[in-house]
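Here is a short tour of a protein chain, written to be read with the model open beside it. Feel free to click along as you go.

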Amino acid sequence: MYRNNDTLMHDLIFKETFADKDNRRQLEKLLELILEYPQGYLNNKLDVHYESPLKKEHIHEKNVRGDIIVEFGNTTINIEAYTNFNMNSLDKSLYYVMRIQASKLNIGDGYHKLGKTIQINFVENSKLDLDNELVTNFYLTSEKNPNTKILTDKFCVKIVQIDKARELGYTNNELERWLKFIAAQNSSERAHIAKGDELLVELNEWIHKYVADDKMQDELNKWDLEIAENKG
């Protein structure tokens, strides 16, 4: 069964793309935009952990199903892509945040070593009430006063609504442009959005070469089929 394997919101293509060392500048830029860091702040700072499930014999051999784990300084980021996002997905995100945060300490370590953990979910078809916000941040808050947030320097769950970016018209906003690029359905649409942006042009060329390979298309289709069978 053939599916459209030329969109960045294909879970596996998303992770294979942004975890690849050839696209490190693009990952740095994307995180700078989403985390609102100054341009160049993450240059050569990222330590990226990712093990491609396509290089294993069976998807059940994966540890964290191909998540992208990014570390810099005392911050750890877990990146996921969802074509459907619901409360179960949110539970999964919270589990990752708590597990990553708790795993940072060894016996005898002070709690100041916990640092910060950020979960970034790029999602489509969200079942949560997020209105039209492109990026929504979740923290621990007070029931009576939601504006009171605690531990904001320790962890955060970010939900990026890619399908909302797809609805945007022309924009000069750099973050919106990058999200529209991720939301694009094919290479030609990405090329149109990327025009004039060196990093996006390079990224689109990399994606096109990656998915145009017949062997890779076979692997992606096998992946989709096995995931569907496991869900069934």
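The sections below move from the whole chain to its sheet, its helices and a few loop residues.

## The chain as a whole

Please keep in mind that this is a predicted model. The chain holds 8 helices and 8 strands. Of its 232 residues, 48% count as buried. Among contacts with a separation of 6 or more, 64% are between residues 24 or more positions apart.

On the outside, the chain exposes about 12900 Å², and 48% of that area is supplied by carbon and sulfur atoms.

## The sheet

Six strands make up an open sheet, and if you trace across it you will meet them in the order β1-β2-β3-β4-β8-β5, with mixed pairing. The edges are taken by β1 (47-49) and β5 (135-138); each has a single partner strand, so one side of each is left without a neighbour in the sheet. On average, neighbouring strands here are turned by 20° against each other, direction ignored.

For a look at one of those edges, follow β5 to its partner, strand β8 (residues 155-161). These two strands run antiparallel and are joined by 4 bridges. Which residue of β8 is the bridge partner of V135? It is V160.

## Two helices

Helix α2 covers residues 24-35 and lies across β1, β2 (68-72), β3 (75-82), β4 (116-123) and β8. Relative to β4, helix α2 runs at about 100°.

Now turn to helix α1, residues 11-19. How many of its 9 residues are buried? The count is 9 of 9, and the helix is described as mostly covered. The buried residues of α1 include the charged-group carriers D11, K15 and E16 as well as L12, I13, F14 and F18.

## The loop between α2 and β1

Two residues are worth a stop in this loop, beginning with N44. Is N44 buried or exposed? N44 counts as exposed because its relative accessibility is 69%, over the 50% cut-off. Its phi is near 60°, a positive value in a residue other than glycine. Most residues other than glycine have a negative phi.

K45 sits in the loop between α2 and β1 too. With a relative accessible area of 43%, K45 is partly exposed. Leaving aside residues up to four places away in sequence, K45 touches E28, E71 and F72. One of these, F72, is 27 residues from K45 in sequence, yet their C-alpha atoms are 5.8 Å apart in space. E28 falls within α2 (residues 24-35), while E71 and F72 belong to β2 (68-72), so K45 touches residues of a helix and of a strand.

## The loop between β4 and β5

D131 is found in the loop between β4 and β5. Its phi is near 55°, again a positive value in a residue other than glycine. The relative accessibility of D131 is 59%, and D131 therefore counts as exposed.

## A nonpolar patch on the surface

Finally, have a look at L140, I150 and L151, which make a nonpolar surface patch of about 250 Å². L140 lies in strand β6 (residues 140-141). Why does L140 count as partly exposed? Its relative accessibility is 37%, which puts L140 in between the 20% and 50% cut-offs.

Note on methods: Residues numbered from 1 in each chain as written. Predicted model: local features only at pLDDT ≥ 70, side-chain atom pairs only at ≥ 80, totals over all residues. Heavy atoms only, no water. Buried < 20%, exposed > 50% of the residue type's maximum accessible area, 1.4 Å probe, protein only. Contact = heavy atoms within 4.5 Å. Areas by Shrake-Rupley, 256 points an atom, 1.4 Å probe, with all protein chains shown as cover. Patch = residues over 30% accessible without salt bridge, like charges linked within 9 Å, V, L, I, M, F, W, Y side chains within 5 Å. Salt bridge = Lys/Arg side-chain N within 4 Å of Asp/Glu carboxyl O. Pairing = 2+ DSSP bridges. Axes fitted to C-alpha atoms, helices over the stretch in contact; angles between N-to-C directions.
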